[in-house]
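Q: I have just opened this structure and would like to learn how to read it. Could you walk me through it, feature by feature?

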Amino acid sequence: MTLNIDIHKQMNERQLNFQATLTNQIYGLMGPSGVGKTTLLRIIAGLTTAEAGRISCNQQVWFDAQQQINLPPAARQLGFMFQNLALFPHLSAQANIEFYQRLKAHPQKVTTNFEQQLITELELQPYLTRPVTQLSGGQRQRVALCRALILQPQLLLLDEPFTGLDDQLRWRAIELTKKVLTKTPSTQVIVVSHRRDEITAFTQNILQLSI
Amino acid sequence: MPIIHSLLIAFSATLTTFLIALPVAYYLLRRRTHFGWLLESLLLLPLVLPPTVVGLFLLQLFGKFGLGGRFLALFHNYSLIFTLSGATLATIIVVLPIMYQALKAALQSVDPNLIEAATVMGATPLETLRLVVVPNAYQGLIISLLLTFCRGLGEFGASLMVAGYIEGKTDTIATSIYFSIQGGDTQTALFLSGVNILIGVLALLLIHLLNQQIERRKQPL
């Protein structure tokens, strides 16, 4: 997959400019706090709009300011893991993972082999029926990853996915995430982190945002 | 009769304003529009006006010579003036800002990332409302209904202007208390006040319990 990004956005008192062509499977996005890492992910996802530029995935244009093209997030077929995980607190782990089944856009109602495989790989089986509010930080992180991957997106955006986990849990979560990502080679991944060791655990392809 | 009339008016006004204010509040929450402030100001206008001004406006509009009044007269000479429907309409206008403000606060309490997570997965705005927003804001939505209902129950100025006080026809708790005192019937006024206070206290108790639930929900995941 080839993801072309060339965007410009005014952020409070400075300009976010980013230009890259991504062809490998995994990229790490680094930069100091407030530089616009999350904003960049949100622009790629279509949750925030840039003032100028163009984003295309393979031959499909996702965003083009000049031609006034701006595909809605769902049409971009991506998975987004939010920094605060954004799990639906009123649902169980399984209902969070299978949330897509409640939507008209995804009529399939059966547990797929891929879903079962993901649940097994992420060691979520014992917690599926529990409300997400009763899960530990590491368990919630894995539920959020599973939910982001369940529809086999062409692009997975991970925004500081290991924030809030202690060191031991963080490295365990990184190992599990790496293992799962090797099972989904067709999914391109951008991982945002302010920690170089987290990023290099995944990839040597590092995108640096600087002020 | 005044108790039944008041309950009927408050219930109808609560339901109607909920159906008007929820889509508007949800729409304005999701979209930043140029005319959003105008729409919001229009909904909030009755809050900064004395109810008698709202009543006077409705009298002018739905009176014999008003545009609305002449239109309604086409249907079997129907008139809103001096009717329970007129009192209900006046109450709707007066309580609409309360419903809107309370609903807006309830919807804003939902983590925007939850809405975005649903959007990324392909949820339509209506699905997001039904599957994410309402389940995570239902306590706030019930509080909105209770506050509006209580305010509607006590509506006096605007409904008196539009519906007057006709015993057995347009009398409400608030107007009956006023006219009972005017007529020296303190017993009836006290009884009706007691009923109103009881309903208000019960509503506040429920609101308190719901607020406690909201506070518990705010504990970080």
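A: Gladly! Keep in mind that this is a predicted model. Let us start where the chains meet: 17 residues of chain B are in contact with 24 residues of chain A.

Q: How is the size of such a meeting place given, and what is the value for chain B and chain A?

A: The size of an interface is often given as the accessible area that is lost when the parts come together. Here chain B and chain A bury about 1900 Å² between them, and 68% of that area is on carbon and sulfur atoms.

Q: How many salt bridges are there between chain B and chain A?

A: Side chains of opposite charge can pair when their charged atoms come close. Between chain B and chain A the count is 1 salt bridge. Glu116(B) pairs with Arg42(A), with the closest N and O atoms 2.5 Å apart. The interface also has 6 residue pairs in polar contact, counting those with both residues at pLDDT 80 or more.

Q: Which elements of chain B give two or more residues to the side that touches chain A?

A: They are helix H6 (112-120) and H7 of chain B. H6(B) gives the most, with 7 residues. Sorted by kind, the residues on this side of chain B are 10 nonpolar, 4 polar and 3 charged.

Q: Now for chain B as a whole: how many helices and strands are there?

A: Chain B has 10 helices and 0 strands. Its C-alpha atoms fill a box of roughly 60 × 40 × 30 Å along the principal axes.

Q: What can the span of a helix tell me, say for H5 of chain B?

A: Compare the expected span with the distance between the end C-alpha atoms. At 1.5 Å a residue, the 25 residues of H5 (residues 84-108) of chain B should span 36 Å, and the ends are 35 Å apart, which agrees. H5(B) still has a kink of about 40 degrees at Val95(B), shortly before the proline Pro97(B).

Q: And what does the comparison give for H7 of chain B?

A: A straight helix of 29 residues would span 42 Å, but H7 (residues 125-153) of chain B spans only 33 Å. Look at Tyr138(B), where H7(B) bends by about 70 degrees.

Q: How many salt bridges are there over all chains?

A: The count comes to 13. One of them is in chain A: the side chains of Arg54(A) and Asp64(A) meet at 3.0 Å, N to O. Arg54(A) lies in strand S4 (residues 52-57) and Asp64(A) in strand S5 (residues 60-64) of chain A, so the pair ties together parts that are 10 residues apart in sequence.

Notes. Residues are numbered from 1 along each chain as its sequence is written. Chains are lettered from A and ligands numbered from 1 in the order in which they are written. Side-chain values use heavy atoms; hydrogens and water are left out. Helices (H or I, at least four residues) and strands (E, at least two) are DSSP runs, numbered from the N terminus. The expected span of a helix is 1.5 Å times one less than its number of residues. The bend at a residue is the angle between axes fitted to the seven residues ending there and the seven starting there. Contact means heavy atoms within 4.5 Å. Buried area is the accessible area (1.4 Å probe) that two parts lose on being put together, summed over both. A salt bridge is a side-chain nitrogen of Lys or Arg within 4 Å of a carboxyl oxygen of Asp or Glu. A polar contact is a pair of N or O atoms within 3.5 Å; within protein, one must be able to donate a hydrogen and the other to accept it, and residues adjacent in sequence count only if both atoms are side-chain atoms. Ala, Val, Leu, Ile, Met, Phe, Trp, Tyr, Cys and Pro count as nonpolar, Asp, Glu, Lys and Arg as charged, and the others, Gly among them, as polar.
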